[in-house]
Structure formats: structure tokens, C-alpha cells
Amino acid sequence: MKKMLSKKPAATPQKVEEPAFQKPTRPSYTERWEEAGLTVVENDFGIVFKRHVQYPFSFQHGHYQLQSFFDALKIWRDASFDHPYALDFHEPVLFFDTETTGLKGVGTHIFLLGFLEVDEECECFSLTQYILADPAHEAAFLFESKLWQKSATVITYNGKSFDWPQLETRWTLHQKTLPKLRSQRQIDLLHSSKRLWKNDMERLKLKSVEEEKLGFSRKGDIPGHLAPIIYLDAVKSGVPDALMKVLLHNEWDLLSLITLYSHSTQLLFEEGYEESAKTFTNIGKWYGDLKESTQSVKVLERVTTQFDALEAGNAQYYLALQHKKSKRYSEAIDAFVASLHFVEARTKLHVLEQLAILYEHQIKDYKQALYYTQQGIHLIQKNEQWRAEQKQKWVISWEKRLLRLGNKK
């Protein structure tokens with residue numbers, strides 16, 4: 001077989017030159033969309049439609065004027081602790097929302113990019129919307145957004161999980177043509193809404209939050225799931241009438257981001273709003289998770305003094321955890337006992353365990369530790385909702401404590 005091997009050097013493969021980018025032609029409906037109020041912007045990659053609106057700071061959206069955003073910035077400026085949602089007064093901020101032709105997959109296009117930011121020249125909020133002329137002009141659409149050169153904190157509603165990853169996917173498909181997309185600091189207000197109103201609101205869609213918390217009710221709005229159908233129909237037929245309603249839907253989303261940020265900030269600082277014990281308990285727990293113990297205790301103690309024992313049960317539980325971390329064992333025991341009959345079963349089991357631990361190791365009262373251990377075993381045995389395997393593991397663990405305490409006693 002060696003004789004059959006060629007001794008000639010292998011020919012170097014010729015480098016195949018990639019075809020240069022060819023600018024797509026304008027859609028036939030360009031003039032029609034211009035007549036509807038959209039502006040045509042042309043760049044090296046094609047065209048993109050644009051809409052621009054300005055709002056004075058005094059503009060009212062629901063319960064709030066837009067200038068409430070600056071009140072929120074002042075609150076964060078004067079805060080004595082750090083928080084992931086805090087903004088610096090001079091930090092560039094970009095409220096951002098998209099509309100897409102679907103929810104996932106490479107074939108899903110972003111057809112609308114909406115931006116709302118402070119315009120210091122006109123002393124107003126400036127709304128800019130970029131509309132995809134058609135899929136052939138996607139590179140022009142993405143390039144015109146200027147997200148390859150902007151540096152700002154991006155505020156969204158579910159943008160961290162959806163809007164921004166979608167944008168990165170579409171940008172990657174044009175990476176040989178477009179400048180690199182800049183990474184930005186992000187604040188996702190869906191996450192804060194879950195933190196604030198968990199177990200208090202059934203639905204956390206932006207529209208529900210607007211109606212229940214922000215005092216804004218949409219009139220004549222289109223359902224969000226119809227937006228892709230409306231856009232595709234506008235491209236096919238060239239008629240933009242229904243598409244303008246999609247732009248209005250996006251506009252309301254962006255305005256609500258401003259007021260939701262203001263509302264969330266003021267709630268975090270308990271600025272005189274009527275909210276449920278659940279909401280304030282959630283706030284206290286959030287501060288605790290951020291290791292801001294002083295702020296956590298302050299909020300939770302307010303719940304325990306302003307609401308009845310039933311409503312304040314969970315607040316007492318989280319307050320007890322904070323006292324224990326701070327080695328205020330007597331206060332921790334009082335708060336755990338106060339929560340004992342007002343929390344759900346699994347939390348109650350944890351409360352009994354914590355009381356047994358505190359009495360055994362900190363107070364050295366083995367009789368009380370034994371009492372709470374017996375209560376914990378009784379709770380495990382009588383609860384019929386827990387799985388048998390899990391109950392068996394718990395009983396083994398608790399009986400070890402029972403035996404140890406019996407020996408100590």
C-alpha cells in the first residue's frame with residue numbers, strides 16, 4: 001500500500017471569498033407606511049421605519065407623573081445600603097421592550113424595538129420605536145438601534161429572560177455584518193414584582209400590575225398575542241393601520257416601566273402606601289436575602305405591630321431568622337413562638353426545629369427543647385400530605401435529637 005501513496009505535497013486549498021453584503025430593495029409599501037406616520041431611515045444595510053414621541057416630565061400615566069422616576073433616584077441616592085435595583089442619579093437609563101413574531105426558535109424575528117429614555121435637551125422622556133421593514137432588512141433594523149455603541153442600564157419587564165436573549169440571537173446571525181453587541185447592566189422589573197407581590201397577586205403580567213398597583217387601565221389595547229399576526233399581515237398586505245395599535249401597545253408597556261420602577265422603589269422604602277401584610281413581609285424577606293439585616297428587621301417589625309397575629313405570622317418567622325443570625329436568641333424565640341400557629345405546615349416544622357435548637361444549644365433548657373422536639377415528631381406523623389419516604393427520613397433525624405436530649409436531661 002505504501003507504493004500507492006503519493007509523495008507530492010497536498011495542494012493548498014484556495015480561500016473562498018464570502019460574497020459581499022448586498023443591500024435589499026425597499027418594500028413596495030414604504031410610502032404607505034410613511035403616510036401612516038412612520039419615518040424611513042436608510043443606512044448601509046437597508047431601511048428601517050421609525051416613530052418618535054416626546055413626553056414632558058409632568059405627563060400623567062395612571063397614578064404617577066413620569067417625573068416620579070427622579071423622586072425614586074433621590075431615594076436611592078440617600079439610601080444607607082446597597083440594592084441591585086438602585087440607580088445612580090447620573091447613570092444612563094434605557095427602558096426597553098420588544099415585540100416578536102413568536103416566543104422561541106431561530107425563525108422568530110424581533111419586529112419592534114422600543115426605547116424610552118431621558119432627553120436632557122428637551123427636558124422630557126423620549127420614546128423611539130424601530131420597526132422592521134421586512135426580514136430582509138433585519139441588519140439595518142438592528143444596526144439602527146445603536147445598541148452596539150450605547151452604554152446604559154437597561155430596564156425591562158421579563159427582558160432578562162426573553163427580550164435581551166432574543167436580541168442576542170438575532171444579532172449573532174448578523175455577526176459578520178454588524179458591530180459587536182454591547183453587554184449592558186439589566187434591571188428586570190418582573191423579578192421585583194415577583195419579590196413584592198408573591199402570594200398576593202394571582203397574575204403578574206404587566207397589564208395586571210398596571211391595573212392593580214399603578215392605576216392605569218388600557219382602553220382599546222390589542223391583546224399581546226395578536227401582535228405577531230398583525231405585523232405579518234401588515235407586511236403581506238402593506239396596510240399599517242392595525243400595526244399602529246401594536247406600536248401603541250408597546251408605548252404603554254414602556255411608560256408603565258417608568259411608573260412601576262417608581263412604585264417599586266417607594267414600596268421598598270415604605271413611603272406611605274397601603275399594601276398587604278404579605279407584600280411588606282416579602283419586602284422584609286428580600287432585604288434579608290440581600291443580607292441587609294437592619295432594613296429587614298425594620299420592615300418586618302412594622303408588619304408585626306401594624307397587622308394582626310394571623311396576617312403577621314410569616315413576618316414573625318422571617319423576623320425570628322434575622323434575630324437568630326444577629327445572636328439575639330431571646331427575641332428569636334419570642335418571634336418563632338408568635339409565628340408557630342399562623343404559618344403553613346412545612347414552615348411550622350422548621351419553626352419547631354429552630355426552637356428545639358435554640359433551647360438545646362443556646363438557652364440550655366433541655367426540657368423545652370425536648371417539648372418542641374416531641375411536637376415536631378407529632379406534626380410529621382399526623383400530616384397526611386407529605387410523602388411517606390420524606391416523613392420517614394424526618395422521623396429518623398428528629399428521633400436522634402429526641403434521644404440526645406433525653407440523655408442530656
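Helix 6 passes helix 8 in a left-handed crossing (the near helix is turned anticlockwise from the far one by less than a right angle). The structure is a predicted model, in which local features need pLDDT of at least 70, side-chain atom pairs count only at pLDDT 80 or more, and totals for chains, interfaces and linings use all residues. Residues are numbered from 1 along each chain as its sequence is written, and side-chain values use heavy atoms, without hydrogens and water.

The axes of helix 6 (residues 206–214) and helix 8 come within 11 Å and cross at roughly 50°. Helix 6 is therefore oblique to helix 8 (neither under 35 degrees, nor over 145, nor 65 to 115). L206, V209, E210, K213 and L214 of helix 6 make the contact (heavy atoms within 4.5 Å). Their partners on helix 8 are W252, D253, S256, T259, L260 and H263.

Helix 5 (residues 189–197) and helix 9 (residues 277–289) have axes that come within 6 Å. The crossing angle is roughly 120°. Helix 5 contributes S192, R195, L196 and W197. Helix 9 contributes T279, N282, I283, K285, W286 and D289.

In helix 7 (residues 227–237), A227, P228, I230, Y231 and A234 are buried (under 20% relative accessible area, 1.4 Å probe, protein chains only). Seen down the helix axis, these buried residues fall within an arc of 165°, so they line one face of helix 7. The face turned away from the buried side carries I229 and K236, both exposed (over 50%). Cover for the buried residues includes helix 1 (30–35), strand 5 (93–100), strand 6 (110–119), strand 7 (124–131) and helix 8 (241–268). Just after helix 7, G238 takes a positive phi of about 80°.

How values were computed: Axes fitted to C-alpha atoms, helices over the stretch in contact; angles between N-to-C directions. Helix = DSSP H or I, 4+ residues; strand = E, 2+ residues; numbered from the N terminus. Arc of directions from axis to C-beta.
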